[in-house]
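Work through the exercises below with the model open beside you. Try each task before reading its solution.

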Amino acid sequence: MESLYISKVEVKARTLAVSLLDSLKEEIERLLVDLTALERNCEILQARFLDQEQAYVRETGVLTVNGILLYDSKDVDQIYNKTIAEKQESIYQTISQQILGELGTKLFDLYTFDSLRLKDLFGRILNRSLDEFVGSGQMQISTARKFLEEYPTVEQQEAQIKTIFEKSEPFLRFSQEQARLGWEDRAEKRQTIVGIQGGNKPTDPAVSVILPMIRKTSTLTDKDIRPLGDSHHIYFVQEIGAFPLRLIEGMDRMRTVYRSVSQSDKNPLHTHQDYRQFQDHMPATQAEIQAKQNLILAKVFELVVEEENSITKYSEVRFHYQDKITGLKKTQVLGNDWQEAEEYLVSDHNRRVREILEDALQSVGHKAVTKAEKQGMYQKLMAHLRELEKTLSGGKDNPNYRKQEIAIEDYVKTYSLFIPAETISASVQKSAELPKTSPANSITSEQLDSNLEKFTKLAETCYRRGNPSETQVQMLEHFRQKYGISQVNADQIIAKFSCGHSQQQALYEYGLMYRAFLESNTEIDFEQQTQLLELQEELGLTNKQVATIEANIQEELGLTEVR
């Protein structure tokens, strides 16, 4: 009987043991999962501290781009060992107990922390660990003293300070061409300061040694040297503020690229979405102003018209012209409206069309030779302005009216289209009173040669300083009639001297840009050389002319060959 009960007890014990072992196994597996989570969180914390160490100690080498780094990782290790020494175990325990107490948690419960709580824990540990170094005598490091130790000679010290001062200049460079156009360049917009411990009244002997070098190797005065409550740094700062964006060098080229993209096939770029709401911050160049004025004049003379496309049934702004080489009548679509036509013409990629339009307008202006023709063209332009005044909102006060008035005014001055009424009446009366010239009174060939020589001298004097005044043109016309010179011969003589002026203007314009580049940097970089080549091509100058201009300017500035 006893053995029976023992057997039953053993069976029951085994059954209970199996159940107990299963429960223990489940609990161990759960604890292992928690332990794995704890290890993962600890590894995350460790990785963050290593990354922070990398940022604080090793990655500070990037400061050498525009500054001097006067310590390395060995200095940090030395300060750490001297500060912590043999107290690290007790410090670790103290910091751990304090932080766990603040959080109200146990060490093993860290496995439950999510990313936000881990971030908070990381900050607490970092700040509490840094407190151990605050006030430590090992942290009282003088940057000035380390600078003097790193560069022992005066020559090295002055050279390094000069380099640092130059590197503290703003990264943005100003375009000298845009700067010459003017802006509110006030002194208060520029700031150049040095921040150093103690300022002009230092307590550190090393700072007292460095201050005279700073004043010597820079343009700083005592008011530019400011006190800094930090012995670990010396700051050099140069700033320029409140300036127009057009001053930034290369902005004009960025605008050219922007325009090219905006006029290309439609694409998802922002350049095709409401870009017109932004005002162009770059002042228009003379070429762009002329292109806009030419469009206005071409519209008046019906060289550019708005027509309907017979296929799409949409309106288009078209430019009709005759090809000089083939004689074919051609049509160039400038855009869907007049605004797009203007943008098309100002683009550098459409320079050829712009030049063809300008030649067409010059041809129209040159056709008006007699006073009656000039007067007829003048009346047509004035009629356009009167019609514009009636149709535009605000009349003459409308900005669009003023733009068109300026374009027409320049055209009238260029081709001397305005002739006073008294001049016309006097000319008509004088021609009526002149007796008819008989063949017997015709000019001999010797007299004609003499008169041509006289007229040539007058034309040269008249066009010597550019386009003559209206009075000078009228006097030149008077002597043409007096000397019996045909209009064709007179036009050939005048064209010779007016082209000479254009050539001189082109030489002057190229020389002006080349001089500006040399005065700003004493050497021509790649971008400037590209601009010079583009200008040479635009002005139609030969390589020999360009070489002569550059050699003369270099000689004037006392420079050797910089190419």
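## Exercise 1: The chain as a whole

Of the chain's 563 residues, 30% count as buried. The model is predicted.

**Task.** State how many helices and strands the chain has, and what share of the contacts with a separation of 6 or more joins residues 24 or more positions apart.

**Solution.**
- Step 1. Count the elements: the chain has 20 helices and six strands.
- Step 2. Take the contacts in the chain with a separation of 6 or more. Residues 24 or more positions apart account for 66% of them.

## Exercise 2: The sheet with E1

**Task.** Find the order of the strands E1, E2 and E3 in their open sheet, and say which strands stand at the edges.

**Solution.**
- Step 1. Read the order: E2-E1-E3, in an open sheet of three strands with mixed pairing.
- Step 2. Find the edges. Strand E2 (225-228) and strand E3 (235-240) each have a single partner strand, so one side of each has no neighbour in the sheet.
- Step 3. Add the twist. Direction ignored, neighbouring strands here are turned by 25° against each other on average.
- Step 4. Look at E1 (residues 190-197) and E3. They run antiparallel and are joined by six bridges. Arg190 stands opposite Ile240 in E3.
- Step 5. Add the helix. H8 (residues 205-216) packs on this sheet and touches E1, E2 and E3. The direction of H8 makes about 160° with that of E1.

## Exercise 3: The sheet with E5

**Task.** Describe the sheet of E4, E5 and E6, then place H12 against it.

**Solution.**
- Step 1. The order is E4-E5-E6, and the pairing in this open sheet is antiparallel.
- Step 2. Strand E4 (304-308) and strand E6 (329-335) are the edge strands, each pairing on one side only.
- Step 3. Neighbouring strands are turned by 40° against each other on average, direction ignored.
- Step 4. Five bridges join E4 to E5 (residues 315-322). Val304 stands opposite Phe319 in E5.
- Step 5. H12 lies across E4, E5 and E6, at about 65° to E5.

## Exercise 4: Two helix pairs

**Task.** Work out how H10 and H12 are oriented to each other, then do so for H13 and H14.

**Solution.**
- Step 1. H10 (residues 286-300) and H12 (residues 351-367) pack at about 55°, with axes 10 Å apart. That angle makes H10 oblique to H12.
- Step 2. The crossing of H10 and H12 is left-handed. Residues in the contact include Leu295 and Leu297 of H10, and Leu357 and Leu361 of H12.
- Step 3. By class, the contact of H10 with H12 has six nonpolar, two polar and two charged residues.
- Step 4. The axes of H13 (residues 371-391) and H14 (residues 399-414) come within 11 Å and cross at roughly 175°. The cut-off for roughly antiparallel is over 145 degrees, so H13 and H14 are roughly antiparallel.
- Step 5. Among the residues that meet are Met377, Tyr378 and Leu381 in H13, and Tyr401, Ile408 and Val412 in H14. The contact of H13 with H14 has 10 nonpolar, two polar and two charged residues.

## Exercise 5: One residue

**Task.** Is Arg515 buried, partly exposed or exposed?

**Solution.**
- Step 1. Locate Arg515: helix H18 (residues 487-521).
- Step 2. The relative accessibility of Arg515 is 26%, so Arg515 counts as partly exposed.
- Step 3. Neighbours within four places in sequence aside, Arg515 is in contact with Ile553, Glu556 and Leu557.
- Step 4. Arg515 and Glu550 are 35 residues apart in sequence, yet 8.3 Å apart in space, C-alpha to C-alpha.

Terms used. Residues are numbered from 1 along each chain as its sequence is written. This is a predicted model: local features need pLDDT of at least 70, side-chain atom pairs count only at pLDDT 80 or more; totals for chains, interfaces and linings use all residues. Side-chain values use heavy atoms; hydrogens and water are left out. Axes are lines fitted to C-alpha atoms, for helices over the stretch in contact, and angles run from 0 to 180 degrees between N-to-C directions. Helices (H or I, at least four residues) and strands (E, at least two) are DSSP runs, numbered from the N terminus. Angles under 35 degrees count as roughly parallel, over 145 as roughly antiparallel, 65 to 115 as roughly perpendicular and the rest as oblique. A crossing is left-handed if the near helix is turned anticlockwise from the far one by less than a right angle, and right-handed if clockwise. Contact means heavy atoms within 4.5 Å. Ala, Val, Leu, Ile, Met, Phe, Trp, Tyr, Cys and Pro count as nonpolar, Asp, Glu, Lys and Arg as charged, and the others, Gly among them, as polar. Two strands pair if DSSP finds at least two bridges between them. Buried means under 20% relative accessible area, exposed over 50%, partly exposed in between (1.4 Å probe, protein chains only).
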